[in-house]
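Let's practise reading a protein model together. Keep the picture at hand and try each exercise before you look at its solution.

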Amino acid sequence: MQDLLAVEELRVAYGSAEAPLEAVRGVTLALAAGECVGVVGESASGKTQLCLATMGLLGRGARVSGRVRFAGEDLVGMPLRRLNQLRGARLAMVFQDPQTALTPHLRIGTQMAEVLVVHRGAGWSAARAAALAMLGRVGIEDPGWCLERYPHELSGGMRQRVLIGACLLSEPQLLVADEPTTALDVTVQAQVLELLARMRRESGMAILLVSHDLAVVAGLADRIAVMYAGRIVELAATARLLSGPRHPYSAALLQCVPDIRGPIPVRLPTLPGQPPAIGERAGGCPFAPRCERREARCLVETPPLTADDEGGAHACHRPLPARAGRP
Ligand code: SF4
């Protein structure tokens, strides 16, 4: 089966060609129709740059190379006219902060209906009726009231539901969700994740779900890609990654996820040190300064992403043994 999305050797660089600052460094990732792939990693690991490059939303200062094939068409270098036909119609993106993603001076009904008017050629009254129905589907208790509100009149959770509803109105084949729950409290976060899962079941769309929090993606993603310093360092089925991470960075991230079933720790574990800044990524493994398993070659040889025998892949010279993670 052909992948719906196939990212191949994607690179995003800033600065001069002689001394480029690479935010994304050769990412290869594929999504099948209906699949959810989670992308996790600390801040500055390249997750948002990957999302924006996938959507063709990077600014003029970014140099993008590689391929982003969506349903067979390469989005990198695609004429803006064609890109705009795909975005909002077959491709949609949920941003981290719904307050800034919604237009502040337009009522919710107007900006939601506009999606169908622009991308599906619907009339305004039919589009408003569809927006009203969608607000009900995304769990807004009084859709008629909400339709007449401005974004600042809604809570953060309602705004995120509105944004997701607006994205889903045109029934996209792929939803890119960049930290969709980071700005929300944990109760609303759980509701939004449940909503995404339900919408995926009902519409069969694929989701690229990005978060710095492994626990957020674990309940929704079929596979998880772990990013560090602009590269994917591990890619595996969710259950396999959670039960037996092979890359030391994946294992360290998992150790930092609080487990409410066990004894209450005196201190929550943290991962010491910081990821390298974008201009400080020398040769060798970028995780080496923080890695307890490093050896001499880690400091000079960058490990390639290599397939393992369990259907996943990891980029490490000295990976953890299979199934050695936490149960
Ligand atoms: S390559 Fe070496 S330093 Fe990097 S994660 Fe693996 S063991 Fe650690």
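The exercises below use a predicted model and go from ring pairs to a cavity.

**Exercise 1.** Work out how the rings of tyrosine 228 and phenylalanine 287 are arranged: stacked, edge-to-face or tilted.

*Solution.* Start with the distance: the ring centres lie 5.2 Å apart, and rings pair if their centres lie within 6.5 Å. Next, take the angle: the planes stand at 85°, and planes over 60 degrees apart count as edge-to-face. The pair is therefore edge-to-face. It belongs to the 3 aromatic pairs in the structure.

**Exercise 2.** Find where the two partners sit along the chain, and decide whether tyrosine 228 is buried or exposed.

*Solution.* Tyrosine 228 is in strand β9 (residues 223-228), and phenylalanine 287 is in the loop between α11 (248-255) and β11 (306-307). They are 59 residues apart, so the pair links distant parts of the chain. For burial, the cut-off is under 20% relative accessible area. Tyrosine 228 has 1%, so tyrosine 228 is buried. Phenylalanine 287, at 3%, is buried too. Both rings also join Tyr249 in one aromatic cluster.

**Exercise 3.** Which space does the ligand take up, and which residues come nearest to the ligand?

*Solution.* First, look for cavities: there is 1 of 30 Å³ or more. The largest cavity holds about 90 Å³ of space, and the ligand takes up that space. Then turn to the neighbours: of 13 residues around the ligand, Cys285, Cys291, Cys298, Cys316 and His317 come nearest. Finally, sort this shell by class: 8 nonpolar, 2 polar and 3 charged residues.

Definitions and conventions: Residues are numbered from 1 along each chain as its sequence is written. This is a predicted model: local features need pLDDT of at least 70, side-chain atom pairs count only at pLDDT 80 or more; totals for chains, interfaces and linings use all residues. Side-chain values use heavy atoms; hydrogens and water are left out. Rings of Phe, Tyr and Trp (its six-membered ring) pair if their centres lie within 6.5 Å; planes under 30 degrees apart count as stacked, over 60 as edge-to-face and the rest as tilted. Helices (H or I, at least four residues) and strands (E, at least two) are DSSP runs, numbered from the N terminus. Buried means under 20% relative accessible area, exposed over 50%, partly exposed in between (1.4 Å probe, protein chains only). A residue is near a molecule or strand if one of its heavy atoms lies within 4 Å of it. On a 1 Å grid over the protein atoms alone, a cavity is a set of points where a 1.4 Å probe fits but cannot get out, and a pocket is an open set with protein on both sides within 12 Å along at least five of seven lines; lining residues have an atom within 4 Å of a point. A molecule sits in a cavity or pocket if more than half of its atoms lie within 2 Å of its grid points. Ala, Val, Leu, Ile, Met, Phe, Trp, Tyr, Cys and Pro count as nonpolar, Asp, Glu, Lys and Arg as charged, and the others, Gly among them, as polar. Grid points are joined across faces, edges and corners, and a volume is the space filled by probe spheres set on the points.
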